[in-house]
Amino acid sequence: MILDTTHLNRERTFFEPDETIWLFGYGSLIWKAEFDYHERRPAHIEGWTRRFWQGSHDHRGTPKAPGRVVTLVESPGTVCQGMAYRIDAETLAQLDIREKNGYLRELAVLHFPDGSHAEGLIYLATADNAAFLGDAPLDAMARQIAAAHGPSGPNRDYLLNLAIALEDLGADDPHVFALAALVRHCCAE
Ligand code: BEZ
């Protein structure tokens, strides 16, 4: 199910067009920064946790065999670590197209390791979007990820690149690390 949110995101203008915008990356944006940015800094947001609960029918899977990619779910008291990019509004418009399958721009407070913070944006796919898959037993999610391929490549690479990037950040993410361990095990040659 492809849900093109590009036009919806165009209306979600929380910042002035000439302002630079902090965007918090918690998925592929951490390790795949193929866009222009002014600054890139590790950051975290509070009250959210990362989950492989969003279907990918256009990047890491197909409409018939969707993959799984991350979204955020509310989780009071939890920290989600990722990477922040300070970008221009034009760059955000380009990313809206890349991240169009069910994700909407939302405001979030980004916290930096030096103790400072800034208001910025996240892309969020909530349970009411058509591509949302939700929770499933971890081994079933791992098998789905191990099997799925899409125009952007194997779903497995998305997960394993994310796990490596989070390790490099020193982030603790039991959900991602457990899935990565299962997928490495079931895909070992
Ligand atoms: C992210 O890396 O933050 C992200 C990428 C695609 C969709 C949503 C979030």
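## Side-chain pairs in a predicted model

Colleague: Let's start with helix α4: at what N to O distance do Asp139 and Arg143 meet in a salt bridge?
Modeller: Happy to start there, and bear in mind that this is a predicted model. Asp139 and Arg143 both lie in helix α4, four residues apart, which is about one turn of the helix. Their side chains meet in a salt bridge, with an N to O distance of 3.6 Å.

Colleague: Is Arg143 buried or exposed?
Modeller: Its partner Asp139 has a relative accessible area of 40%, so Asp139 is partly exposed. For Arg143 the relative accessibility is 52%. The cut-off for the exposed class is over 50%, so Arg143 counts as exposed.

Colleague: Nice. Which residue forms a salt bridge with Glu39?
Modeller: The closest N and O atoms of this pair are 2.8 Å apart. Glu39 lies in strand β2 and its partner in strand β3, so the salt bridge ties together parts that are 47 residues apart in sequence. That partner is partly exposed, at 23% relative accessible area, and its name is Arg86.

Colleague: How many salt bridges does the count come to?
Modeller: One of them joins the side chains of Asp157 and Arg156, at 3.9 Å from N to O. A salt bridge needs a nitrogen to oxygen distance within 4 Å, and by this rule the count comes to five.

Colleague: On to the rings: why is the pair of Trp22 and Phe112 called tilted?
Modeller: The structure holds eight aromatic pairs, and in this one the ring centres are 4.9 Å apart. Planes under 30 degrees apart would be stacked and those over 60 edge-to-face, with the rest tilted. Here the planes stand at 55 degrees, so the pair is tilted.

Colleague: Which residue lies over the face of Phe112?
Modeller: Phe112 sits in the loop between β4 and β5, 90 residues from Trp22 in strand β1. The relative accessible area of Phe112 is 5%, so Phe112 is buried. At 4.1 Å from its ring centre, the residue over the face is Arg41.

Colleague: What is the geometry of the Trp53 and Phe132 pair?
Modeller: Trp53 lies in strand β2 and Phe132 in the loop between β5 and α4, so the pair ties together parts 79 residues apart in sequence. The ring centres are 6.4 Å apart and the planes stand at 85 degrees, so the pair is edge-to-face.

Methods
Residues numbered from 1 in each chain as written. Predicted model: local features only at pLDDT ≥ 70, side-chain atom pairs only at ≥ 80, totals over all residues. Heavy atoms only, no water. Phe/Tyr/Trp six-rings, centres within 6.5 Å; stacked < 30°, edge-to-face > 60°. Helix = DSSP H or I, 4+ residues; strand = E, 2+ residues; numbered from the N terminus. Buried < 20%, exposed > 50% of the residue type's maximum accessible area, 1.4 Å probe, protein only. Lys NZ or Arg CZ within 6 Å of the ring centre and 35° of its normal.
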